[in-house]
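Hi,

Here is the structure I promised to pass on. Have a look first, and my notes follow below.

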Amino acid sequence: MPKRKLDAGSQVAESSAPKKTRVNGNEDSPAATSAVLDTPSKQRSILKGTPKKFGGIFNGEETPRSQRKVLFTTPSKPDEIEGPPESTTTLTTARNDRSARRKSARLLLEKTTLDNASEDDELAADDAIAREILNSSDSEEVEEDGFDALSTIDNIPIPDAPDTPSKRGRGRPRIHPRERKRSPTPPQDLPPHELYFHQNKPGGQKISSNTLPSHLLLNHEDYLVQIGGWQDSHQVERDWLQRLHARAFEQWVFELEQGFNICLYGYGSKRELVNNFLEQLCAESGTDQPKIIVVNGYTPSLTLPIILRTIASAIVPKNALSTLPNQPEALLAALLSHLTSSTPANKIHLVVHSIDAPRARLSQMQSALSRLASHPSVSVLATADTLTFPLLWDASTRQQFRWLFHDATTFAPFTAEIDVVEEVNGLLGRGGRRGMGGKDGVRYVLKSLTENARGLFRILVSEQLAAADSSSPAHDEDALSSEDEEMFEEVETPSKRARKAKPKPKRPKVRRTEVQEGVEYRTAYHKAVEDFACSNEIAFRTLLKEFHDHQMVESRKDALGTERLVVPFRREELETLLEELV
Amino acid sequence: MEYEKVYMFQPANDRPAKRRRIEPQGLQTSWKQRRLAFDRDWSIPQRAIDARLHSINASTVDKVWTYLNLALKPDQPSTIRTGIILTGADGATEAGISKKIAEKFRVGKHRRILVPLSSSSGSNIKVLLKTLIQKAISPKFESSDNDLDDDDGELRTTRTKGHKLLNYDLQLLYDHVREHKKEQVIVALEDTEAFDSDLLSEFIELLGCWQDRIPFTCLLNVATSIESLQQRLSKAAIRVLDGKVFDVAPSSDEVEQVCEALFNSGTPLWIGSSLMSTALERQHDYIQSIDSFVKAVKYACMSAFYANALSVHLNISIEHEVIAADHFEALRQLDSFRTYSRRLLDNNEVKLLTTYLESDEALRALVSGRIAEGRQKLGVMIHVLKVIRLLQQKLPNTQVTPLSSLYVQALSGKLNGSPLLRSLLLTIRKVPSNIAASVLRALQLYHLDNRDLLVDMQPVLFRLDSLIDAQRETSTKPLRSEDDIHNSTLRTTVVAQKVELSKQKSALSEQDRKYTELLVSLSDCLGEFFEETLVDPADLVFHEIFVYDLKSPYREVFTPRPRHACERALATPHDYLDCDCCSSQQDGGNAEATLAATQPATAVLYQLYLESGSLINASDLWHAFQAVLGDGKEDAETMALFQRALAEMRYLGMMKSTRKRMDHVAKVMWHGL
């Protein structure tokens, strides 16, 4: 197998010596072959479909194929093609290898989870193959790197991932960083709109199906250690930027005094800058300290009443506090009228960090802030981080804010604003919902729970894995996958199906229902009782409640209305969890 | 503190280094003085503008107010009295009328409730009603309930007696109205167009149903037209309404008014033509309320005083000793002073020049004098602009140019000798005496109002006047000018098979001839007058001090390009950081940004991101990132940077997670769009 790949690599090197962008020889080949073979297979499937409809003859082996368009399809002839033909020794095969590896991993797992004691010969054979493939994975990795190095030296984009930045091997000889050429994948010097259309061309994108191994991503602890030890080479320049902005402090004071409000934008965290400004503001005002209320817009649990309450405690005398209404709308009105009737000597400074953060973005919050800002004895200093923040405000809100915008690019890291590990987990769809702490969080929660609770969770996880295994192969690729895959149909899916020794009989009917995941509530309960994790439904519910509270389990209703319990994790994470639980 | 949600800021007292007060240096030392000058000087135009803004729609407000008073005694109890206020296109940004009415509410003592509702108050009938009831019942909200019967001041949405009602039941409002003996509940819809038409119809119909119990009156702000409002409402809703239309001054009118107020106020600082035209253009192109224009003018004034150290000289009362010496040094560097010195040299006034160069006191005197002179000249210029407008008004077939655009032209020094003026003068030569008489009267009146402005013209005016008076006694026909083409006929004669065109002056009387002469001298006179008064501000000595004409802070502060700024920071971090390591210039002048390991991690990731399509494979991205940055570093360290960069990109709104494929992220923003 690796040998074949090397061949492909050298082929590439030879064929695309003249400058070619993006589409080069070896990439054409799978497309070409598929184009040729595509038509007959389609025709056949139509023919196949018709008699079935009328005669109702159902052949268990030949399952009807989904009608969806597959963009890069190789003919699927389950019984004819054992492996890919020699002519198509391309990346498809490489991918097939990888998916085979995944499949074998699944097989292994299946064995361990289900404690399947059946000594089926076939299964054992599969097992052996699976182990072999798994073991070969390391060497393959090396080969892959070699292949990459080969291609990059000749400055050819990896056909594997034409649209993503080309990856380079770790082991390749280093060129000086400044001389490194960018991969010529996107055509150079396109105007922005052309580039947009180029990158959004219909006809689908070719993206590699590489996955980022979980162990590479750092958890909170490791991340903090690494970032703590990291030295920014631009510290001097960043300090210089801070000083540059600090020279405008006097101007800001003047602008705020004149009834304008300031909004700072630009890349980098502006927290420190603003805090320095506030320090100076306090230092200059001497004994008569201004009242400054700071709102951290990026905190995930920020609510309007909290802001209003804090403002109220700052401006309203203590004895009158209890008479204030509770509803935010009424409270705001009361505050504004209080400000009008007893105008404070100094302006109230309202500082909003990240006024465009998700929580602060809510329209209720913005309209309340704008009404506060429009009051003559309130001045607002806000920072905005996102690129599109001006869209937050419609004409009238914007007018109420009376903004003056200043570019305050600092290049400072968003240490307080972002929980990096959480964000990345959320971005890559790992570790479920926000605020749960991912897999590590679950581990932590489980540690503090009873043995029975751990038992129940183990049941849920293993059942979910088992259910996922019995559902479609396309689906187990991604536990979270949704139906709208049309555009990005995976390249290797059909051929992988082709390589399947036993096509799953469940596959045909469940294109819709396969969205079902997790365990049915009843089943889970019965399993739990069988395993003595709980004795009655009340206990079962109590245990579940704990999981719900930590968002380790979600309950969903399927099409028929039966409740299903789902552990919101990706497959491999479930697997590691299960390993630890067993 | 960074993990608190909201907190009161306390300065860190334990860090004295931070609290070190930075003493201003150089020209910035005069900031305090300039600040005072600004406070004094801006207050004049500010007051003038405020007064004008207040009076702009005063009559409309009064009309609406009377209408509301009338509606107190309904003659048809089944319909809702409705004031429809046609606000024009900027109605949404400006709750002007209803705000003014609300102000009126606050002063008087009466038993009415004003409830302003906007489209954001509720998207369905229940929420809308709930908001209406809450706002109406809430004691502190806008209702000028000065005689508080209920001193508990508590929001009462629940009934004390009877069964509990849902919070959108108008019965609650009815109870409140009955209890407090309210005479009128005014529902002001601020942006009628933004409401869903079904919702609006339903709402009005419902109010109509309760009209017999709750005395509703509506105020609708309509930005489009009555017809479109009528189309949007259901028949039943229209039947309920009994409307009256009120017009509001259009926003362009408001701008003119504010401009006039500003120019008349004797502002010490004049805004230059390019800044003014930018502000006017923005006002015209985007629907902005008049407030934003006033804000722009104010900000221009602020930046002039803040950033131009020489504006300290605008305050004439300051003694020259108080002003630091470098401010005089700066004065001597001004371009206009240099040209002035050149002129002095050419006139052999070397001695005078030396005193200016050596003595601060003498220079100070010169500056004060010249600034006063320059201001006076600009003040006269405004009068001239008004004279031009006056002439345009009186002359037939001439469009009246807005004052603001005349101002822009005049301050750019291009009005003098412009086609506009030339055609104006030509038209004057042609007018018959009846129109000339009205022009004369207008000029005379203007002269009386503003003494010694048109003093040179007096003899001509006087002679013309007497001539016209004499003519009026003898005949009813007006005097005609020779130059008027109506008085000449074209003749075609065929001479030797050629057509000859000849202009034949029709017979003109002796008086006509005299009249023409006088008209010519009048137009000459006016021409000279314009020539003399329409100075180019750039020719005035020290114009840098009292004419402010910089576009840049205005543009950056009011119309920022945040997306561009962020993208630039990430795509070419060198532009901001100005570091040696990331500069792309040094290798062969290739201005385009290149990836370099020295660049900030997010910048590197962003540039990789730019190259990718709409879905990005995280693993590939990681490998590419590692290839750029991972040189000689541990994987874990690079990964930490990678994760941080990813998280930042997501936070900035450039990436989002996708469920389409595993381990992929979706690209959200394209560079430069």
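Please keep in mind that this is a predicted model. I'll begin in chain B, where strand β2 (residues 80–86) pairs with β6(B) in the parallel sense, over seven bridges. If you want a place to start looking along that pairing, Ile80(B) stands opposite Leu241(B) in β6(B).

These two strands belong to an open sheet of five strands in chain B, with the order β3-β4-β5-β2-β6 and parallel pairing. At the edges are β3 (112–117) and β6 (241–247) of chain B, each of which pairs on one side only. From one strand to the next, the twist averages 20°.

There is a helix to go with the sheet, too. Helix α6 of chain B (residues 197–210) lies across β2, β3, β4 (184–189), β5 (216–222) and β6 of chain B, and it runs at about 175° to β4(B).

The other thing I'd like to show you involves both chains. Helix α6 of chain A (residues 220–228) and helix α27 of chain B (residues 635–651) have axes that come within 9 Å and cross at roughly 100°. Angles of 65 to 115 degrees count as roughly perpendicular, so that is how α6(A) and α27(B) are placed to each other. On the α6(A) side, the contact is made by Tyr223(A), Gln226(A) and Ile227(A). From α27(B) come Ala636(B), Glu637(B), Ala640(B), Leu641(B), Gln643(B) and Arg644(B). Sorted by class, this contact of α6(A) with α27(B) has five nonpolar, two polar and two charged residues.

Happy to talk it through whenever suits you.

Best wishes

Terms used. Residues numbered from 1 in each chain as written. Chains lettered and ligands numbered in written order. Predicted model: local features only at pLDDT ≥ 70, side-chain atom pairs only at ≥ 80, totals over all residues. Heavy atoms only, no water. Axes fitted to C-alpha atoms, helices over the stretch in contact; angles between N-to-C directions. Helix = DSSP H or I, 4+ residues; strand = E, 2+ residues; numbered from the N terminus. Parallel < 35°, antiparallel > 145°, perpendicular 65-115°, else oblique. Contact = heavy atoms within 4.5 Å. Nonpolar A, V, L, I, M, F, W, Y, C, P; charged D, E, K, R; others polar. Pairing = 2+ DSSP bridges.
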